[in-house]
Amino acid sequence: MRQLLPHSIRNTMRNMRGYHWLLCMFLPLTVNADISILPRPVSVQPGEGTFTLKADTRVIADNAAQKTAQMFTSWMAPSTGYTLSVAAGKGAENTIQFALDPSLARLGDEGYLLEVTPKRVSIRAPKEAGLFYGAQSLRQIFPPAIFASTLQKDVAWSAPAVKIEDQPRFRWRGAMLDVCRHFAPKEFVLRFIDLLAVHKFNTFHWHLTDDQGWRIEIRKYPRLTEVGAWRRHTRLGHERNPKGFDRKPHGGFYTQNDIREVVEYARQRHITVVPEIEMPGHAQAAIAAYPELGVTGEQLEVWPRWGVNANIFNPSEKTILFLQDVLTEVLTLFPGPFVHIGGDEAIKDQWKASAEVQARIKELGLKDEHEMQSYIVRRMDKFLADRGRRLIGWDEILEGGLAPGATVMSWRGVEGGITAAKAGHDVVMAPTTHVYLDYAQSQEPGELPNIGGNLPLEKVYSFEPVPAALTADEARHVLGAQGNIWTEYMQSPGHVEYMAFPRLTAISEVTWTPAAKRNYEDFLKRMRVHEGRYRALDLNFRPVPDAPPAAPPAAR
Ligand code: TNX
């Protein structure tokens, strides 16, 4: 906050350099209080003095660390106006050094050690991801204005001396964005990935297909986007209290080149993209494009409403092969280990009413419609496993028997996750109770339109991804957690930002910081500084609640 002090005070502080004894008395207050990193690191040891970034500061990195160093300098350039050079060499005075250091293996694949002294800065990590997270922490040690995209004048770019040792608690630190209910332009997806990277998330779950729109180009089936990416109009008002429809066509999709660009952009920021292709429910846009994929054969429109509907893929061999064709193209675009196949809210009424589907169930020796869905999921599980990938699906995939290699994303509470973990399956926790960012952030008037419910920041922050019902061995199956952004009621990127922040920042701490180091009051205190970063990023965030007043001192 030094840069916020009036010039006169800053000059006085400068002129007092000879009086070390006096300076030392208030340095810890004026300088070290500035360390407000989100998510909170494992260990932060304040030092003495400050390091100041200047136009002639040199960034030192040998080959393996060059990319991270370049990324760091690219972040610094717009606000400081400095074009910092990156070169191999030795850490010396006025340098920021990035170095891979195998002797720090104890910090794991994503940990780092960051040391700031008045003379120099060093970031060391066993792996590149750690260097990247160290760079993100360093960025947050400078004044918040460093996040601005325009030149900031008269800011002293100083960072308090500190030693930080850090590594994440979970290996799945995610956010899901639904681009089906409302299409998000590629530019916003890239910005969203940057915002995730600031918060050390490593997983972006991209919900690409649903009733209201199919958003990924599939070369073999062009009608999926020619027809399936566009709807005639959209529900006005809340689905519970509908006001008809707007008169605006809505849609959009990502070409395969767009997808490659997003995946590569994310990769450079150590974020894996998990694509979601929904089956067998939430399939109306695909059925609108190819009616033979449905059960009734009826020509449907891309759905203009919200909620759950009965239209579902038919479970014929032809449809299974279609879905596998789609996945074949998906696999060429997304190199990550996981592919999400949806599986949620698949109403079985049409399967129950169809003689053809009933005959298929019988022919396959299945007990009921749940086993029919489970059969499809198993086919996909094998298909993906044969190609070296892993299937993940919403917790409904437990019904009718879980496919052998499946990972479960638990959304209807954590029970599905508990069942799956006890059965030896990996799970990701994303329960509506704590991480559904489409829910209201308060019951006060003035919130932007939302789906309903009530999920204030404090409740999100309180989320514990490992349920007490799991033994230590079972708990190892909890890969982590994620926040979900379903966009029925979010028409614009600004609205998505409002719903996502600050709650996504809370989730970053839930997934990164050791449970024992989490504290809501401390989080709110750091959020006061983080808000400055939000502003510099021009983020349309919801106001952060005030910290509750400190408890009165106990009576003696
Ligand atoms: C349930 S969460 C859904 C989504 C909706 C969401 C709204 C899940 C797997 N399915 O289709 O958008 O509720 O909160």
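Biologist: Let's start with helix H5, residues 186-198: how far apart are its end C-alpha atoms, and what span should its 13 residues give?

Modeller: This is a predicted model, so the check is on computed coordinates. At 1.5 Å a residue, the 13 residues of helix H5 should span 18 Å. That agrees with the model, where the end C-alpha atoms are apart by 19 Å.

Biologist: Is H5 enclosed or exposed, and how many of its 13 residues are buried?

Modeller: The buried residues of H5 include Phe188, Val189, Leu190, Phe192 and Ile193. Lys186 is also buried. H5 is largely enclosed by the rest of the structure, because the number of its 13 residues that are buried is ten.

Biologist: Nice. Which residue just after H5 takes a positive phi, and of about how many degrees?

Modeller: Just after H5 there is a residue with a positive phi. The residue is Lys200, and its phi is about 60 degrees.

Biologist: Let's give helix H9 the same length check: what are the expected span and the end-to-end C-alpha distance?

Modeller: H9 covers residues 317-333, which is 17 residues. Its buried residues include Thr319, Ile320, Phe322 and Leu323. At 1.5 Å a residue H9 should span 24 Å, which agrees with a C-alpha distance of 25 Å.

Biologist: On to the ligand. Which residues are around it, and how does that shell divide into nonpolar, polar and charged?

Modeller: The residues around the ligand are Arg181, His282, Asp344, Glu345, Trp394, Trp411, Tyr436, Asp438, Ile451, Trp486 and Glu488. By class, the shell divides into five nonpolar, one polar and five charged.

Biologist: What distances separate polar side-chain atoms of Asp438, Glu488 and Glu345 from the ligand, and what percentage of the ligand's own accessible area does the protein cover?

Modeller: Asp438 places a polar side-chain atom 2.6 Å from an oxygen atom of the ligand. Glu488 likewise has one at 2.6 Å from a ligand oxygen atom, while Glu345 has one at 3.4 Å from a ligand nitrogen atom. On its own the ligand has 360 Å² of accessible area, and the protein covers 93%.

Biologist: What is the phi of Glu345, and is Glu345 buried, partly exposed or exposed?

Modeller: Glu345 lies in the loop between strand E17 (338-342) and H10. Although Glu345 is not a glycine, its phi is positive, at about 45 degrees. Its relative accessibility is 28%, so Glu345 counts as partly exposed.

Biologist: And what about His282: where does it lie, what is its phi, and is it buried or exposed?

Modeller: His282 is in the loop between strand E16 (272-279) and helix H8 (284-289). Its phi is near 45 degrees, a positive value in a residue other than glycine. With a relative accessibility of 5%, His282 counts as buried.

Biologist: Thr209 touches His282. Which backbone nitrogen lies 2.8 Å from a polar atom of the Thr209 side chain?

Modeller: Thr209 lies in strand E10, residues 209-210. It counts as buried, at 1% relative accessibility. Its contacts include Cys180, Trp214 and Glu276. The backbone nitrogen at 2.8 Å from its side chain belongs to Glu278.

Biologist: Trp351 next: is it buried or exposed, and which backbone oxygen lies 3.0 Å from a polar atom of its side chain?

Modeller: Trp351 is found in helix H10, residues 349-353, and counts as buried because its relative accessibility is 0%. Its C-alpha atom is 8.3 Å from that of Ile312, 39 residues apart along the chain. Trp351 touches Ile312 as well as others including Pro280, Val295 and Met372. The backbone oxygen at 3.0 Å is that of Phe313.

Biologist: Which side chain does Asp426 join through a polar contact of 2.8 Å?

Modeller: Asp426 lies in the loop between helix H13 (415-422) and strand E20 (427-429). It is buried, with a relative accessible area of 14%, and touches residues including Arg171 and Arg390. The side chain at 2.8 Å is that of His477.

Biologist: Last one: which residues follow Leu38 and Phe501 across cis peptide bonds?

Modeller: The bond after Leu38 has omega near -5 degrees and leads into the loop between helix H2 (20-30) and strand E1 (43-52). The bond after Phe501 has omega near 15 degrees, in a loop between helix H17 (493-500) and helix H18 (503-512). The residues are Pro39 and Pro502.

Terms used: Residues are numbered from 1 along each chain as its sequence is written. This is a predicted model: local features need pLDDT of at least 70, side-chain atom pairs count only at pLDDT 80 or more; totals for chains, interfaces and linings use all residues. Side-chain values use heavy atoms; hydrogens and water are left out. A residue is near a molecule or strand if one of its heavy atoms lies within 4 Å of it. A polar contact is a pair of N or O atoms within 3.5 Å; within protein, one must be able to donate a hydrogen and the other to accept it, and residues adjacent in sequence count only if both atoms are side-chain atoms. Accessible areas come from the Shrake-Rupley method with a 1.4 Å probe; for residues, only the protein chains shown count as cover. Ala, Val, Leu, Ile, Met, Phe, Trp, Tyr, Cys and Pro count as nonpolar, Asp, Glu, Lys and Arg as charged, and the others, Gly among them, as polar. Helices (H or I, at least four residues) and strands (E, at least two) are DSSP runs, numbered from the N terminus. Buried means under 20% relative accessible area, exposed over 50%, partly exposed in between (1.4 Å probe, protein chains only). Contact means heavy atoms within 4.5 Å. The expected span of a helix is 1.5 Å times one less than its number of residues. Lists of a residue's contacts leave out its neighbours within four places in sequence.
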